[in-house]
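Okay, thanks for making room for me this morning. I'd like to walk you through one chain, starting with the whole thing and then going into a few local spots.

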Amino acid sequence: MTLTCRAALLATALLASGLAACATAPGGPVLSGDMPPPPAATAAVDYVRDVHSYARPEVARVTHVDLDLAADFQRNVLSGTATLDVSAEPGAQEIILDVRDLDISRVRDAATGSDLRFTVGEEQAFIGRPLTIQLPNGAAGGTGKISIDYATRPNAAALQWLTPAQTAGGELPYLFSQGQAILTRTWIPTQDSPGIRQTYTARITAPAELTAVMSAEMLTPQGEAVSGDASRKAWRFRMTNPIPPYLIAIGVGDLEFASLGPRTGVWTEPSELAAARAEFPEVEAMVEAAEGLYGPYLWGRYDLLVLPPSFPFGGMENPRLTFATPTIIAGDRSLVSLVAHELAHSWSGNLVTNATWADFWLNEGFTSYFENRIMEAVYDRDRAVQEQVLAWDGLQAELAELPAADQRLHLDLAGRDPDEGMSTIAYDKGAALLRTIERIVGRERFDAWMRGYFERNAFRPMTTERFLEDIRTHLIAGDTRLEQQLMLDQWIYQPGMPSNFQPPVSDAFANVDQAALAFASGGPASAIPWSGWTTQQRQRFLGWRPEGQADNSGWLSQGQLADLDGTLGLSDAGNSEVEYAWFQVAVAHRYEPAVPAIEAFLKNQGRRKFVLPLFQSLWAQGDWGRPIATRVYAEARPGYHSVTANSVDEVVGWTGR
């Protein structure tokens, strides 16, 4: 049997029914049994107040979204209809949705076609407007369907429309979405809160020479004709597992597919497909390793969409179809931990989701821990520990800069854009907490709890309080001494690192640090054993600094920098992580020969992890760096996604000049 069918059999303890059939077609299985229904949660959903949403799900909530949209690459607009299934409590008269920069033309009772009254409220910064709709007759205390005719605007924050020149092929346009955290409301009128899970279906029409993909089961792998318009095709999709709205995602472009295994594959532009396929041969093994750790994969397929360089994140865990930056294609598979991370989200984030963005750590801390366990299982313990140490290095730098309130795992984000909570605290302090628990209770006992945590809370919104209740009930179980050892409240509600944290140590970095010290003391770059090092060791070398040095500035001469660059080829390393680490050193030392490479790096990719810190570093260099930053940003900004541009705007004081 195929691995897809085997995964379904593994899930029988959770699923109401098994997988009906398995089939493979371009883009993945397409038969009706491709994705089984979700397991029922063990407890009713208790909605919590989300300060980033106008929705009142305790009164009326969206349970399903059906999209019928046309992609217009001339106007950079998606337009059509969203039909929402609504469940309302007795006495409910209206439902409140979240919208931002959407043009709503009509709202109807989907059953009768009659118009429904609606109002669009006042704008609130970054949150948008409330769309309040009269419920159809009979929906109060039951269910109903509402159809909303609407169009997005060309500047919709979730959508990036790329010209042919901004793609690898250079001939056809491209569209992709990025909904996290609260940007789905800029292209779909719905209740845009992570705690309000929704299933969805979609019909997307686009120019016939393009292919549409979504974070859902693809029902029409070859597309289908559009009546009366031979220049366009339609693509249909279905997601039967309820997901938070930020995971509804779309990509439309010149795309081709390559299989990586029975239930895994990669989509990207034709000219990039061979390199992408060669980079990810272990993806199927990663899925198997993840299942071996924490239970069956419940989403059918796991595919990747490698996007154009402007994609603002390393990856986005859209179910069934991870969106990934091309900067992870290094040619040597050295950066594939990102794939392990996005795969791990299939359990932590997609299956068990933070109820609000104040508890973002419940998504990312669990996922970062899980990612590292996948890397250990597929590769080895040594590589996993190297990545732990690099994460700890980055976390220390973050802790030194963030205010105390933002060093906590549970955050207060009232009045703030939730993007402000997406720091390494959620990722790496969260993962460090879980590793601390594992160390204290033992891996076997910890894994049993983690597996149970995902099963007990599947398809439920999760809060820090519910996490604490779960771990105290199912792991601590009244053991007062263990409770004291774990120091959970300190980890979650206090800044910094609790006293029970033990920093990771990698023996593989000992010789790296010795080589860095020798070079800093005047040794030649030719003595550095660069060719024998892993990417992680190279990152460590470039991040090393003398004892007591607060940053990377002032400890290398211009001659030493030239020796490093010339001997090791750092400005043209071909590995985004290595280049980024080198550019930070170069900027800190005002190393002029690296400026052209830095400029090219900033113009040719829009990953916020790289772009924002580099502009911050340039800006901090005053009369040397600010003119460079201003000039480069003016040229690079049109190619950035709004997620990246909005962050950098504040750094450089962009006013639209």
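**The chain as a whole**

So, starting from the outside: the chain exposes about 24300 Å², and carbon and sulfur atoms supply 50% of that. Keep in mind as we go that this is a predicted model.

What about the inside? Of the 657 residues in the chain, 60% are buried. As for overall dimensions, the C-alpha trace spans about 80 × 60 × 50 Å along its principal axes. You can check that against a simple rule: a compact globule with 657 residues would have a radius of gyration near 26 Å, and the chain has 25 Å, so the two agree.

In terms of secondary structure, we've got 19 helices and 22 strands. And how do the contacts run along the sequence? If you take contacts between residues at least 6 apart in sequence, 72% of them join residues at least 24 apart.

Okay, on to a pocket. I've picked the second largest pocket, which holds about 360 Å³ of space. Which elements give two or more residues to its lining? Those are α5 (361–378), α6 (381–401) and α7 (424–441). The lining comes to 22 residues, and the ones nearest the centre are Arg381, Gln388, Arg435, Gln502 and Pro504. By chemistry, the lining residues divide into 10 nonpolar, four polar and eight charged.

Now for the backbone oddities. Some background here: most residues other than glycine have a negative phi, and most peptide bonds are trans. With that in mind, have a look at the bond joining Gln180 and Ala181: that one is a cis peptide bond, with omega about 5 degrees. If you want to find the spot on screen, Ala181 is in the loop between β9 (174–177) and β10 (198–207).

Then there are a couple of phi values to point out. Asp101 isn't a glycine, yet it has a positive phi of about 55 degrees. You'll find Asp101 in the loop between β3 (94–99) and β4 (102–109). Is Asp101 buried or partly exposed? Its relative accessibility is 22%, and buried means under 20%, so Asp101 counts as partly exposed.

Arg333 is another non-glycine residue with a positive phi, near 60 degrees. Arg333 lies in the loop between β20 (321–324) and α4 (337–344). With a relative accessible area of 35%, Arg333 is partly exposed.

That's my tour, so over to you.

Technical notes. Residues are numbered from 1 along each chain as its sequence is written. This is a predicted model: local features need pLDDT of at least 70, side-chain atom pairs count only at pLDDT 80 or more; totals for chains, interfaces and linings use all residues. Side-chain values use heavy atoms; hydrogens and water are left out. On a 1 Å grid over the protein atoms alone, a cavity is a set of points where a 1.4 Å probe fits but cannot get out, and a pocket is an open set with protein on both sides within 12 Å along at least five of seven lines; lining residues have an atom within 4 Å of a point. Grid points are joined across faces, edges and corners, and a volume is the space filled by probe spheres set on the points. Helices (H or I, at least four residues) and strands (E, at least two) are DSSP runs, numbered from the N terminus. Ala, Val, Leu, Ile, Met, Phe, Trp, Tyr, Cys and Pro count as nonpolar, Asp, Glu, Lys and Arg as charged, and the others, Gly among them, as polar. The radius of gyration is taken over C-alpha atoms; the globule rule is 2.2 Å times the number of residues to the power 0.38. Buried means under 20% relative accessible area, exposed over 50%, partly exposed in between (1.4 Å probe, protein chains only). Contact means heavy atoms within 4.5 Å. Accessible areas come from the Shrake-Rupley method with a 1.4 Å probe; for residues, only the protein chains shown count as cover.
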